[in-house]
Each structure stands twice: as structure tokens, then as C-alpha cells.
Amino acid sequence: MTRAARVVRLLAIVVVLAAGQATVTVAAPGGAEGAPAAPASAISAISAISALAPGDTRAEQPRTRVRGTFFGVNGARIISPRNAAQWHTRRFASQLRRLAPGIIRVQGGHTSQWIDWRTGRFVQGPDSPFAGQNAGRKPLTMRDWAALVHRTRAVPLFDLNVVSSSLGEQLAMLRTARRLGMPVRYVELGNELYTADDRYLELYPTGADYARTMNRWIRRIKHAFPGVEIAVCGADDSSTFTSLYFGQRYQQWNEQLYARIRGADAVTFHPYWIAPPEQTADQAASNGALAWREFADQTLAGVPGRLRVWLTEFNQIDIPFSELPGSPPQVLGHAEQTWTTGLSLAAFCLLATSDPRVETALVHSALNGAPDPKSSQAGGNMEIQALLADGTDGSSRLGRTAENIALTPIFHQVRGTAPSPRGSLRVRRVSEGLPIPAALSSPSAAGLVDSLLGVRLGGGHVLLVNLASSAQRWTAPGGVARLRGVVLTAEPQARPAFDETSTVQRTRLDSVSGSLDLPAYSVTRVEVRSPTAKRRQR
């Protein structure tokens, strides 16, 4: 959990509370204002947004390319003794490998700025957010990260410590990583430095100051590691709540960074979104599609053409809305990851692959569970759902969650289709579904999104996500073809890894047809081949 995401969560709670006393006015298509609504409670204020007017469905996008390392995982959570110990186990590596991440972000995000790479322990001191959290915690050293990268067959993305370390020390870390067998291809310079942390304010008062310092880092790193790709830290300004909270420094960060940075290859962002407390299953599944649209329109639109985009963290944040005044009894008392959460992330991922500006998208986080006092100072554990459960909160230890299961066919197909980690494959977005309403608390948005999202990869591979409560038909390109693949579907409230009765149905496809009827709430991976192709032996 990152500092910026925690602030978004806090601000969303404040907005919901304020909504109980305020009138909500929403924009109709074309920017006109609709009639104001005056909901009776904070909960109904957010829920009312879901019935608003349509947005842009964007059925076709230009052809683009993605490489085998497009998708991956942020190296978190590694804070509490329980979670840190699990990262050392072979079972954790095995479960992570099943997802087929192309990249692992080494030393995580916020943690990376406060870790002594030589010991794997948190830097201590009066300004460290991890003071006292080394007790009982098994450190993760560079050798441990190298073993995990090797076992998962992923490529490391190194998030360098630009807060509590030095350029010389970080170059030494990269040289050590290379000696341990980790390729130095991708480097990120810091994590969310635009937030109001006292140390960040002291070191980098503005985006311009950060750029001037990083220009020297970029020159030195590229000299030491020819061919390395380096990304600098950008601010996702798609959320008005976050921009208002952090103020002028945050609001001007990107503009100042873009004007002064030299030699960088990419800029990083961390898009997080928060859903309203009461939604239909269709609306819950569509959160990621709406979040992508807001992010693309407001943040990606401002990125200079010379910089590519890395999403080194993204996810949905879930809030225990039952803690808020006026919430009805059916609202959950704590965040639960359901199958619709997985569909929400799957939709976001497909849309990310179809945008030519984006090169990398890493899910935060790999591991999570119930709140732990040892990690509460660094954000708690339950606000952002993870790919693997940690055994707390009644979950199965290292069990695969809904988002893990939903994303696995997408990760596998992208990584497996690209000729090599540095190779790339052509991608074209295809969308045919009817629009369905969607709404978010943060970024504050409402509108219609496509209920059937898909991308066509090189070699005739297609990935499809049906966000709707009913089956939808997808027509194969070119007419009748042999269709082979797999369909995953579940009840919208299914909770794999947290409820032993929850199941995800897996159905194999192998037929000659011109179309597929995709089940409600499903993820489908299909290969389109000549109708005379030989049927696979089962």
C-alpha cells in the first residue's frame, strides 16, 4: 500500500461523509450539468451516481505492440514478519510463477526508499516510516530477490532508493544484482516522491528539483549499464481529491518534471481507484474500465511523446464503508475481494495493452491479508487486495485470489505470445458489448463503459472479458474458424482463497464456429485458427 493510495482512501471517506450534507451535481454528456441530487445519506449519495449519463464507448483503437514483460507484480507486501517470511518460501515462488509475471518490481515501492540493500533491513531513524519494524522480520536481500526472479522466470525492475541512499550505493546494488544473475534492463527512480512526506519535501521541493537531480543519476546509470531503460516518477492527477489534498506541488509536479528531465525513457504512474459502497455486480465489474478511461483522458493525455509510460503499481482500493454514518446494514464491514474485483482488474489490463503509450503494468500487490499491527504504520494490509492471500482473515495460506485467477490467462497469453521478454507482438482492441453504467468515488466519475472488452494479439490469440450479468456473443474475425481456449466464470460474489465454498468454473473450448457465447462475468482466452486445423487430443 502506497502513501498516495492511502490518501485517496482517506479523501474518499471524507467526500462520502460530506455528501451526506451536500447536494451532488453531475455532468451530462458534452459537459452540460444534469439535475442536482440530494441523497438522504452518505451511502446513497455515492450510489446515485451509477445511474448517470453515458460516456464514450470507444469500440476501436489503433494497432499497437506489447512486449513479453508488459505485465508483472510489485514486490509487496514485505513489511510484516509474517509476510516477509512468506516471500522466502518455495511455495510462494511457485504460486507466483503460475501467474506468469513478466516483471517483478524489486524491493517494492514505498519500502524501496527505506531499505538498506546490503542487509535487506529497513533504515531506522526519526524520519523513517518503518522505525521499529525490523524486529522479528526476516530481511529480503539481493540474493533472495535473485532467487525469486530465477524461480518465477521474471525480469527485475529495480526501484532505486533516491531518499535514504546515494547514487554510488545504488550503482553498487545494480552491479551486485547483475553478478547474482539479474539483468539490469529496467530502472525506476524513486516512488511517489510528489507526496507530502517531510523527507521528500526536503530533498525534492518541486518536480523541477527532482528532475535536476535525476538527470545526473540517469547519465551515470546509462554509462554504467548501456541499454538500460530508466523511468522517472510522475503523479497520477486523474483524481481531483488527491490533487486538492496535496496542493500546488503535486499539481505542478508533472509539468515541471517534463520540462526539465533529460535522458529518461519513461514516466511511472500509480493509478488506483475506489468504488462506491453499493453497486450492482455489473457496476462492480466495470470499475476498472471506467478507471482506465479517467486515467487515460486526464493523466496519459499530458505525457510528452518522447516518454513512454510504466504503470509500476495499479489496483482497486476497497473501503469498509460500514464504518461511515448512514450506511445500511448490508454494506460490508471490511473489504472483501470478489470475482467482480478480478473482472475489474482484467478490464483495466486489456485496456492498458491496447494503448500505445503504455509499456508496463504491475499489479500491487503480490501478497496481502488481514491488518497486522506490525505494518499499520506503513498502511495496513486490507485496503488493497492482492494476488495471493497470506493465511489471515480466514484465508488459505498463499491461496490464489479472484484477481489472480482472472488475470492469469491474460498474463500467460501476453508473456507466452511475445517472442522474448524484449520482443513484442501486435495488439488490437476489439469491443462489441452493450454499454453498462459505471461509477467511481475516486477518481470521481460516472458514465457508460463497454460490457464486452477484448484485445486481439499476434498469431490469432484473443482475450475477452464479459462484465455483464448476461451472456454475450463474440464473432470470430474472418468467419468460421477453429476456436480453442478456456473460459473462466464464477458467481460475482465468489471469494476464492477466502471462502472454501467459492469456485471458479473452468471450461475448455475446442470447436469449429463463427462465434462464441461468452458466459456472464467471464474471462476468455481463445486461439482462432483455420477451420481445418486438427482437433486437439484431450
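# A guided tour, starting at helix α6

Select helix α6 first and look at its buried residues: L167, Q170, L171, A172, M173, L174, T176 and A177. Keep in mind as you go that this is a predicted model.

**Stop 1: around helix α6**

What covers these buried residues? Show α5 (142-152), β6, β7 and α8 (207-224), which are among the elements that cover them. Now select residues 167-179 to see the whole of α6, which lies across β6 (155-160) and β7. The helix runs at about 165 degrees to β6.

You can check the length of α6 with a little arithmetic. With 13 residues at 1.5 Å a residue, α6 should span 18 Å, and its end C-alpha atoms are 19 Å apart, which agrees. Step past the end of the helix and click on G181, which follows α6 and has a positive phi, near 100 degrees.

**Stop 2: the barrel**

Two of the strands you have just met, β6 and β7, belong to a closed barrel of eight strands. Select the strands in the order β2-β3-β6-β7-β8-β9-β11-β13 and follow them around; the pairing is parallel. From one strand to the next, the twist averages 30 degrees.

A helpful idea for this stop: strands of a sheet pair through backbone hydrogen bonds, either parallel or antiparallel. To look at one pair, select β7 (residues 186-189) and β8 (residues 229-233), which run parallel and are joined by four bridges. Which residue in β8 stands opposite V187? Click across to I230 and you have found it.

**Stop 3: a loop with an exposed arginine**

Go back to β6 and look at the loop between α5 and β6, where you will find R153. Is R153 buried or exposed? Its relative accessible area is 55%, so R153 counts as exposed. Leaving aside neighbours within four places in sequence, R153 is in contact with R97 and R415. Select A100 as well: A100 and R153 are 53 residues apart along the chain, and their C-alpha atoms are separated by 7.9 Å.

**Stop 4: a small open sheet**

R97 lies within your next selection, helix α4 (residues 90-99). This helix lies across β14, β15 and β16, and runs at about 10 degrees to β16. Those three strands form an open sheet in the order β14-β15-β16, with mixed pairing. At the edges stand β14 (367-368) and β16, each with a single partner strand, so one side of each is left without a neighbour in the sheet.

Zoom in on β14 and β15, which pair in the parallel sense over two bridges. Here L367 has L388 in β15 as its bridge partner. Then move into the loop between β15 (388-390) and β16 (397-400) and click on T392. With a relative accessible area of 15%, T392 is buried. Show F498 too: T392 and F498 are 106 residues apart in sequence and 9.1 Å apart in space, C-alpha to C-alpha.

**Stop 5: two helices packed together**

Next, select helix α12 (residues 287-298) and helix α13 (residues 339-353). They pack at an angle of about 35 degrees, with their axes 6 Å apart. Their crossing is right-handed. Show the side chains where they touch: N287, G288, A289, A291 and W292 in α12 meet S344, A347, F348, L351 and A352 in α13. By class, this contact has seven nonpolar, three polar and no charged residues.

**Stop 6: two hairpins**

Select β18 (residues 435-440) and β19 (residues 445-450), which run antiparallel and are joined by six bridges. They form a hairpin with four residues between them. Across the pair, P437 has L448 in β19 as its bridge partner.

Move along to β20 (residues 452-457). Five of its six residues are buried, so β20 is largely enclosed by the rest of the structure. Its partner is β21 (residues 461-466), and the two pair in the antiparallel sense over six bridges. Find L452 and look across to N466 in β21, which stands opposite. This hairpin has three residues between the strands, and G459 takes a positive phi near 85 degrees.

**Last stop: the whole chain**

Zoom out to see the full protein chain, with its 14 helices and 26 strands. Of its 538 residues, 62% count as buried. Among contacts between residues at least 6 apart in sequence, 78% join residues at least 24 apart.

Notes: Residues are numbered from 1 along each chain as its sequence is written. This is a predicted model: local features need pLDDT of at least 70, side-chain atom pairs count only at pLDDT 80 or more; totals for chains, interfaces and linings use all residues. Side-chain values use heavy atoms; hydrogens and water are left out. Two strands pair if DSSP finds at least two bridges between them. Axes are lines fitted to C-alpha atoms, for helices over the stretch in contact, and angles run from 0 to 180 degrees between N-to-C directions. Contact means heavy atoms within 4.5 Å. A crossing is left-handed if the near helix is turned anticlockwise from the far one by less than a right angle, and right-handed if clockwise. Ala, Val, Leu, Ile, Met, Phe, Trp, Tyr, Cys and Pro count as nonpolar, Asp, Glu, Lys and Arg as charged, and the others, Gly among them, as polar. The expected span of a helix is 1.5 Å times one less than its number of residues. Buried means under 20% relative accessible area, exposed over 50%, partly exposed in between (1.4 Å probe, protein chains only).
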